[in-house]
Amino acid sequence: MAKGGAPEPAGAGGGGGMGRVSLLLQKISVSSKKELLATFTLDGVTRSSTIDKDSADQDQTEMHVWEREVPIFEESVMVIKVESKETLGKNKLLGDVIYSLRQLASTEQSCDVKTNLKDPTGKPSENYIQFKIDYVKPTLDPDEVDTTKDDDKGGKTPRIGKGVKQLDRSALSKKPQDFQIRVFVHEARNLTGGNLHPVCNVMIGKISKHTRVQRSTAKPKWEEVRTYKLCFS
């Protein structure tokens, strides 16, 4: 069975208004007789499950929860990896998949998922992972929601919606405020050239940060998070 803490009940943790993505791992089917490590990464936050070699291909019951102050979007994805735990050296990647949260974001309903994993070369394989994923959207204070949008004449028009009040933007403070932006760098594909050592550089404003160098590959995978602290008025 999967090792880890006890499943967190729905609604546990977090204050009023917090959203939540919950994933219930059900089954991993791979061609390996070793102990497995499954990782699930959402917006740079990773949860993991360790499955005994004697429990591979059996039903699992481990729950993972991501609490959120902001909603997920149709472009949001979850990066899933399954590795065999090696006694010596790095774990061996058995398969991975980038699972789109588009349906979850649009319907806000639970989804039963069974998806095949790609092998380390990026090709589809017979290995698969099965899980159930739920989403509770964060609730916002209507008084803090900007319900206007730019019109074609450079002015503001109300958005269509119920139960929200229009925000008077003229009353907002114009003092400089600190913001924090997190960027999740996942991978690059089909880079051209020989003997490549790719590195990804991301610049926001005047702040530039880069990833670690990936040696000798045209398909680098970083899965790194970079945080930018900015000040705007």
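The accessible surface of the protein chain comes to about 15,000 Å², of which 49% belongs to carbon and sulfur atoms. These values refer to a predicted model. Of the 233 residues in the chain, 31% count as buried.

The secondary structure consists of one helix and 15 strands. Among contacts between residues at least 6 apart in sequence, 57% join residues at least 24 apart.

The largest nonpolar core contains 28 residues, and I28, F40 and I133 have the most contacts inside it. At least two residues of this core are supplied by each of the strands β2 (19-29), β3 (36-42), β6 (77-84), β7 (92-100), β8 (111-118) and β9 (124-136), and likewise by the helix α1 (102-107). A second core, separate from the largest one, comprises eight residues, including V185, V202, Y228 and L230. In soluble globular proteins, nonpolar side chains tend to be buried together.

The surroundings of F40 were examined with its neighbours within four places in sequence left aside. On this basis, F40 is in contact with the nonpolar residues L23, L25, V45, W66, M78, V79, I80 and I129, and also with T46, R47, S49 and H64.

With a disulfide taken as a pair of cysteine sulfur atoms within 2.5 Å, the count comes to zero. Two cysteines were assessed for accessibility. C200 has a relative accessible area of 22% and is therefore partly exposed, since buried status requires a value under 20%. C231, at 47% relative accessibility, also counts as partly exposed, because exposed status requires a value over 50%.

Note on methods
Residues numbered from 1 in each chain as written. Predicted model: local features only at pLDDT ≥ 70, side-chain atom pairs only at ≥ 80, totals over all residues. Heavy atoms only, no water. Buried < 20%, exposed > 50% of the residue type's maximum accessible area, 1.4 Å probe, protein only. Helix = DSSP H or I, 4+ residues; strand = E, 2+ residues; numbered from the N terminus. Contact = heavy atoms within 4.5 Å. Areas by Shrake-Rupley, 256 points an atom, 1.4 Å probe, with all protein chains shown as cover. Core = buried A, V, L, I, M, F, W, Y, C linked by side-chain atoms within 4.5 Å.
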